[in-house]
Amino acid sequence: MSMKAKTRRVDSVTVVDISGRITLGEDLTELRQLIRNLLAQGQKHILLNLADVTYIDSSGIGELVSGFTAASNQGGQLKLLNLTKKVHDLLQITKLLTVFEVYEDEATAIASFQKATRV
Amino acid sequence: MTAESEVIELTLASTLKSVETAEELTTEVCSKAGFDEEEQHRIGMAVHESMINAVHHGNKNDASKQVRLRFQIYPDRLEIHIRDQGTGFDLNRIPNPLEAENLLKVSGRGIFLIRSFVDEFRVEKLEGRGTEVTLVKHKNSRKKLA
Ligand SMILES: Nc1ncnc2c1ncn2[C@@H]1O[C@H](COP(=O)(O)OP(=O)(O)OP(=O)(O)O)[C@@H](O)[C@H]1O
Ligand SMILES: [Mg+2]
């Protein structure tokens, strides 16, 4: 039930595969730390794969926003991949689909970061 | 409003564990009351957010303070009452998380989500006895998102 996050590298992008519940608690602190660490190490292209996220609450949504802002402030980008219907609906009603870049296909998501670097 | 109701009541400590317990019980009560899985999920989420607010904002994470959770199942609706030992808040003063200047805030979406998931949401300050929020979900109301 609790959250798991694993990172892998695809080209210039760090993909974070997250599964389980992104809800208030220690797991959320770990996710924040993970994203902050990536940024501190200069890995500024971050793609959160939410395919296996079963549940997200207001704190979890806040953490996604916080990661997004931290990445942007450091000249990086944080994008989302594979939203389940539940997560999609929540980001929709909170208007955050207008904030996040969201992808349904990993290759397209990865390519979108490359484009950004060349500009 | 005199229709008979079945009451299920529980007193919980102000911990995250209690939030989980409340959610599990909510799912059970909702299925008993005849709500389908999608509605169970939404009502469960509304209770999750209300419980966290009661523990965090109401009881200031003081585990010795209690949260009282009461379900009342009526023939036409489910009412959920969540009472904390805090001093309450004014619903009219809560910023709208959809406003452009609030979109990138890391918090302030809980009550908005609760309101999207249930049909009625009320807050009442009980003199000397804390604060109670009430969530009402009508049966067969199929509230649509967005
Ligand atoms: N039970 C409560 N007792 C006292 N104040 C509360 C209570 N519930 C909510 N509030 C107040 O209402 C505000 C809005 O609550 P809401 O759940 O929408 O956002 P949040 O808890 O601040 O952040 P989020 O839920 O997005 O993590 C809170 O910041 C708090 O000031
Ligand atoms: Mg809240």
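A residue counts as partly exposed when its relative accessible area falls between the buried limit (under 20%) and the exposed limit (over 50%). Keep that in mind for the views below, which come from a predicted model.

**View 1. Thr27(B) sits in helix α1 of chain B.** Helix α1 covers residues 16-33 of chain B, and Thr27(B) is found in it. Is Thr27(B) buried, partly exposed or exposed? At 35% relative accessibility it lands between the two limits, so it counts as partly exposed. Now look across to Val47(B): it is 20 residues from Thr27(B) along the chain, and the C-alpha atoms of the pair are separated by 9.9 Å.

**View 2. Here is helix α2 of chain B, residues 37-58.** With 22 residues at 1.5 Å each, this helix should span 32 Å; its end C-alpha atoms are 30 Å apart, which agrees. Most of α2(B) is covered, with 17 of the 22 residues buried. Check out the N-terminal end, where Asp36(B) acts as a cap: one of its side-chain oxygens lies 3.2 Å from the backbone nitrogen of Glu38(B). After the helix comes Lys60(B), which has a positive phi, near 50 degrees.

**View 3. Over in chain A, helix α2 runs through residues 58-73.** How far apart are the end C-alpha atoms of α2(A)? They are 22 Å apart, and since 16 residues at 1.5 Å a residue should span 22 Å, the two values agree. This helix is mostly covered too, as 13 of its 16 residues are buried. At its start, a side-chain oxygen of Asp57(A) reaches to within 3.1 Å of the backbone nitrogen of Ser59(A). Following α2(A) you'll find Gly75(A), with a positive phi near 75 degrees.

**View 4. Ligand 1 sits in the largest pocket.** Why is this site called shared? Residues from both chain A and chain B surround ligand 1, so the site is shared between chains. The shell has 16 residues, and the closest are Asn53(B), His57(B), Asp84(B), Gly108(B) and Arg109(B). Three helices each supply at least two shell residues: α2 of chain A, plus α2 and α3 (110-117) of chain B. Which one gives the largest share? That's α2(B), with 5 residues.

**View 5. Zoom in on the oxygen atoms of ligand 1 and their partners.** From chain A, the side chain of Ser58(A) has an N or O atom 2.9 Å from a ligand oxygen. From chain B, the side chain of Asn53(B) places an N or O atom 2.8 Å from an oxygen of ligand 1. Gly108(B) joins in with its backbone, where an N or O atom lies 2.8 Å from a ligand oxygen. As for cover, ligand 1 has 600 Å² of accessible area on its own, and the protein covers 80% of that.

**View 6. Two strands of chain B hold Arg83(B) and Glu124(B).** Arg83(B) lies in strand β3, residues 77-84. Its relative accessible area is 16%, so it is buried. The Arg83(B) side chain also makes a polar contact, at 3.0 Å, with the side chain of Glu132(B). Glu124(B) belongs to strand β4, residues 120-126. Its relative accessible area of 42% makes Glu124(B) partly exposed. From Glu124(B) to Leu135(B) is 11 residues along the chain, and their C-alpha atoms are separated by 12 Å.

Notes:
Residues are numbered from 1 along each chain as its sequence is written. Chains are lettered from A and ligands numbered from 1 in the order in which they are written. This is a predicted model: local features need pLDDT of at least 70, side-chain atom pairs count only at pLDDT 80 or more; totals for chains, interfaces and linings use all residues. Side-chain values use heavy atoms; hydrogens and water are left out. Helices (H or I, at least four residues) and strands (E, at least two) are DSSP runs, numbered from the N terminus. The expected span of a helix is 1.5 Å times one less than its number of residues. Buried means under 20% relative accessible area, exposed over 50%, partly exposed in between (1.4 Å probe, protein chains only). A polar contact is a pair of N or O atoms within 3.5 Å; within protein, one must be able to donate a hydrogen and the other to accept it, and residues adjacent in sequence count only if both atoms are side-chain atoms. A residue is near a molecule or strand if one of its heavy atoms lies within 4 Å of it. Accessible areas come from the Shrake-Rupley method with a 1.4 Å probe; for residues, only the protein chains shown count as cover. On a 1 Å grid over the protein atoms alone, a cavity is a set of points where a 1.4 Å probe fits but cannot get out, and a pocket is an open set with protein on both sides within 12 Å along at least five of seven lines; lining residues have an atom within 4 Å of a point. A molecule sits in a cavity or pocket if more than half of its atoms lie within 2 Å of its grid points.
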